[in-house]
Amino acid sequence: MATTADFRNGLCIVFKDDLYRIVQFQHVKPGKGPAFVRTKMQNIKTGRTLENTFTSGVKIDVVRIERRPYQFLYMEGEDYIMMHTETYEQIPIAKDLINAPQFLKEGDAVEMVVHADTETPLYVELLPTVVLEVTYTEPGLKGDTASSTALKAAEVETGARVMVPLFINTGEKIRIKTEDGTYVERVRD
C-alpha cells in the first residue's frame, strides 16, 4: 500500500477495480480545509483519461509494472508475434494492445509494459517516431517546395495512409510520429 505522497507521473495504480497510469498530478493545500491531490489518469486497457481528486494521505494500491524490450517478428492470423530481445521468448500479442499497429513493420523494436506480479502484457509502445518508405503518392510537381504547407495523401510500406507535403514522392523515406500519425521529415540515406 502507498499513499498520495507517493504519486508520480507514470505510476500505475488500481482505481475502481481497473488499472490506471497517472499522467499528471498536483498537490493542493488550500487556505481552508484539508489538502488534496488532483490527478489526471489514463486507463491502461481503454486509453481513456479520467480526472479524479484524492484526499491527501489516502491509501492506494500500486501496481508494479516493468518495461521490457521486444521486437516484432511477424503476423500469425490476428496476432502480432513479439520476441523478447534478451531471452528470445516469443509471445503473441493482440492488435488492441499496441499503441500504433498501423506503423509496425517486421523487425521493429518496441517496448512492452508488463504487469510484474502476474506477467501479463498490458500494452505495447512503438518508438516515438518511425521511418517508413512511401509506396504510393501522387507525383510531386515542379515548384513544390519544402516551404509549402499544402498536404497530399501517401501510403507507406505498412499500408497506413498519412498526409505528407507535396514535394514527397514514391520511394522516399519519411519519419512519422507514432502518437498521432503526422509527418515529421524526409529521411535521406
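Reader: Hi! What is a pocket here?
Author: On a 1 Å grid over the protein atoms alone, a pocket is an open set of points where a 1.4 Å probe fits, with protein on both sides within 12 Å along at least five of seven lines. This is a predicted model, where local features need pLDDT of at least 70 and side-chain atom pairs pLDDT 80 or more, while totals for chains, interfaces and linings use all residues. Residues are numbered from 1 along each chain as its sequence is written, and side-chain values use heavy atoms, leaving out hydrogens and water.

Reader: Cool. How much space lies in the largest pocket?
Author: About 470 Å³, taken as the space filled by probe spheres set on the points, which are joined across faces, edges and corners.

Reader: And which residues are closest to its centre?
Author: R21, Q42, N99, Y123 and E125 are the closest, out of 21 lining residues; lining means having an atom within 4 Å of a point.

Reader: Which elements give two or more residues to that lining?
Author: Those are β4 and β11, the latter covering residues 120-126. Strand β11 gives the most, with five residues. Strands here are DSSP runs of E with at least two residues, numbered from the N terminus.

Reader: You named R21 and Q42 together. What is the bridge partner of R21 in β4?
Author: Q42 itself! So two of the residues closest to the pocket's centre are also bridge partners.

Reader: Nice. How many bridges join β3 to β4?
Author: Eight, and the two strands run antiparallel, with β4 spanning residues 36-43. Strands pair if DSSP finds at least two bridges between them.

Reader: What does β2 do with β3?
Author: Strand β2 (residues 12-15) pairs with β3 (residues 18-28) in the antiparallel sense, over four bridges. One of the partnerships is V14 with L19. The hairpin has two residues between its strands, and K16 there takes a positive phi near 55 degrees.

Reader: In what order do the strands form the open sheet?
Author: Six strands line up as β1-β6-β2-β3-β4-β5, with antiparallel pairing. At the edges are β1 (2-3) and β5 (49-55), each pairing on one side only. Strand β1 is joined by two bridges to β6 (residues 59-62), where K59 is the partner of T3.

Reader: Back to β3 for a sec: is I22 buried or exposed?
Author: I22, which sits in β3, is buried because its relative accessible area is 1%; buried means under 20% (1.4 Å probe, protein chains only). Leaving aside residues up to four places away in sequence, I22 touches F7, R8, N9, G10, L11, I13, K40 and M41, where contact means heavy atoms within 4.5 Å.

Reader: Where is E172?
Author: E172 lies in the loop between β14 (161-165) and β15 (173-177). This loop residue is buried too, with a relative accessible area of 18%.

Reader: Which side chain makes a polar contact with that of E172?
Author: R186 does, at 2.7 Å. A polar contact is a pair of N or O atoms within 3.5 Å, one able to donate a hydrogen and the other to accept it; residues adjacent in sequence count only if both atoms are side-chain atoms. Beyond four places in sequence, E172 touches L132, E133, V134, F167 and R186.

Reader: Last one: how does β11 pair with β10?
Author: Strand β10 (residues 109-115) and β11 are antiparallel, sharing six bridges, and H115 stands opposite T120. They form a hairpin with four residues between them, and E119 in the turn has a positive phi of about 60 degrees.

Methods:
Buried < 20%, exposed > 50% of the residue type's maximum accessible area, 1.4 Å probe, protein only.
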